[in-house]
Every structure is written in C-alpha cells, then in structure tokens.
Amino acid sequence: MNSALAEISEDHYSSLHQLNTVPKQKVLSVSHLRKSYNAHQTVLHDISFDLHRGEMVGVIGRSGAGKSTLLHVLNGTHSATSGEINSFPEVGTPRDVSRLKGRALNQWRSECGMIFQDFCLVPRLDVLTNVLLGRLSQTSTLKSLFKVFTDEDRARAIALLEWLNMLPHALQRAETLSGGQMQRVAICRALIQNPSILLADEPVASLDPKNTQRIMGVLREVSEQGISVMVNLHSVELVKEYCTRVIGVSQGRIVFDDHPSRLTQDVLQILYGDEISQLH
Ligand SMILES: Nc1ncnc2c1ncn2[C@@H]1O[C@H](COP(=O)(O)OP(=O)(O)OP(=O)(O)O)[C@@H](O)[C@H]1O
Ligand SMILES: [Mg+2]
C-alpha cells in the first residue's frame, strides 16, 4: 500500500483485501439528474446511477455528449437543473448535494475532488504551494488569505509529492512544469483534501504514452485505496485496461453502464456512430 495515500486514508478506508470481500458500499446516488445551460438545450437528460466505494469508472462518449458537464454537476462547479445527487458519507447522514451553496458547497467539493482538464494550477506559485491550495476550503478565511498552512498539511503535501516523484520539483513554479508533471501536481492537490470521490476530466488528453500510463496507474491506485474514481476518457483501450466499470453517454443520456469487457462493437457503434473508426 502506498504510504502517502495510506497516511491520508487510514482513518477512512480499510484495506484492499476487505474491499474485495465486503458488499459494494454506495457513496453516491444520482437520480433523474438534468442539466440545461439555457432554455433551448438540455445537455443531460434523466441521468441515474449509483457510485460505489473504490470503483474506477470510465465515462466515454462522443465530443459534446455531456461527459464534462456530468462531472462538473457532480462536483458542484455547475448547478443541476433538476434531479438529486445523494451523498452517502462514511460518517454522517446521507444528503442531497445538488443544491448546496457557500461553505456547504466548498465542503462538498473537497469530499468530491476534481482534476480539471487544464489542471487549473496557479502558474506563478511553486508546486508545494499549489498542492497546499487544495486545503483552502478547510482553512479559515484569514489563514487562507495569508496562505498559512499547518505543519501537518505541509507534511501531507510533501508525502503526496514524494509518492508521485514530484518532490524534486516542490519549489519549482507550476508554469515551468511539463504537462505530465502538472497533472501529477493537480492529482496531489485534489488528494490533499482527503476526498471520498475523485473526478478527472480527460486527465491524459495531452500526455505522451509513458505519462498516460503513469497517470492512469496513479488513478487506479487511488481507487484501490477505496476512493471512487470517475474519469472521462476518449480511449476505449485505456477504459478496458484500467477501469472496473464504464458509463457510456450519448446526447446527454446513459446508454451503457457495465463492465468494460461487455463493451461490444455494437455498443461502440451506438456511442460513437461514424467516429468509431477513429477510436483507439
Ligand atoms: N458553459 C456552457 N454553456 C453552454 N453550453 C455548454 C456549456 N458547457 C458545455 N456546453 C454544451 O453542453 C454540451 C456538452 O458539453 P460537454 O463539454 O459536457 O461535452 P463533452 O462530452 O465533455 O465533450 P468533449 O469530449 O468534447 O470534452 C455541448 O453541446 C456544449 O456545447
Ligand atoms: Mg469534455
């Protein structure tokens, strides 16, 4: 077990062995979720699914199908138009998180961490500070204004950076990193919040094959520690190699939700139509 993640998660998550022997534990239940950005276009229609602890779910579909919108609505960066997103925390009572505001919304965003497609790092700040910024939602306003972090926060940030082989770059400005390095920093920043769910929007879109395998391996390891991972991908090959489940989205609806081994040519035809020949 990775020590950095183990340190973060030991209070919250049991071992992988236990994961395989206990029944699936529901962490999120999405029901009849709908999202419209304007009156003329509904982007997500009647989306319903449950997410379980430690799953690694690949979300696939054509460009414009609604994959990014789905992750943004789950994490609360975009509001849902209707429907429910019920969270089942390990401690505390289940609650609908689809209409949170203010502090409650920030708290939810730290429970449901997100890695954005363009990393969203602060270019002029160093790597270590960028990771620590992930703690801001759990820090008082005054402390966050002056970027005051505890020794515990720093130790955790360093452990995460070490795990992802980024410690030698801890004091380097984020803007000078390579794409693969930025992605690893973004993962550290999301994990420092101790999320129970990690959402990743095309985390390997701009990476070379070596970094792609590395990042996908990291996400798999994260899921094996008991964090539920949902990852938007354009590669069916990667979904088959790394994911335990795949959700196929077409025109804002879920048209497939099953194990990746059941992704047949017929299903891919429904999902990608004419673009099927461009798949890899
Ligand atoms: N902020 C927005 N305002 C208006 N429409 C939007 C907004 N964001 C996305 N859309 C529209 O919602 C639809 C779904 O977009 P989304 O980005 O979720 O697709 P996607 O499946 O992630 O596509 P891609 O694979 O290209 O990233 C598209 O028609 C898009 O134009
Ligand atoms: Mg997208």
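**Exercise 1. State how many helices and strands the protein has.**

Solution. The protein contains eleven helices and ten strands. Helices (H or I, at least four residues) and strands (E, at least two) are DSSP runs, numbered from the N terminus. This is a predicted model, in which local features need pLDDT of at least 70, side-chain atom pairs count only at pLDDT 80 or more, and totals for chains, interfaces and linings use all residues. Residues are numbered from 1 along each chain as its sequence is written, chains are lettered from A and ligands numbered from 1 in the order in which they are written, and side-chain values use heavy atoms, with hydrogens and water left out.

**Exercise 2. Describe the burial, contacts and exposed area of the protein.**

Solution. Step one: 52% of the 280 residues count as buried, where buried means under 20% relative accessible area, exposed over 50%, and partly exposed in between (1.4 Å probe, protein chains only). Step two: among contacts (heavy atoms within 4.5 Å) with a separation of 6 or more, 70% join residues 24 or more positions apart. Step three: the protein exposes about 13,300 Å², and carbon and sulfur atoms supply 50% of that area; the method is Shrake-Rupley with a 1.4 Å probe.

**Exercise 3. Locate D46 and Q251, and classify the exposure of each.**

Solution. Most residues other than glycine have a negative phi. D46, not a glycine, has a positive phi of about 45 degrees. D46 lies in strand β2 (residues 41–52) and, because its relative accessibility is 47%, counts as partly exposed. Q251, also not a glycine, has a positive phi of about 45 degrees. Q251 sits in the loop between β9 (245–250) and β10 (253–258); its relative accessibility is 67%, so Q251 counts as exposed.
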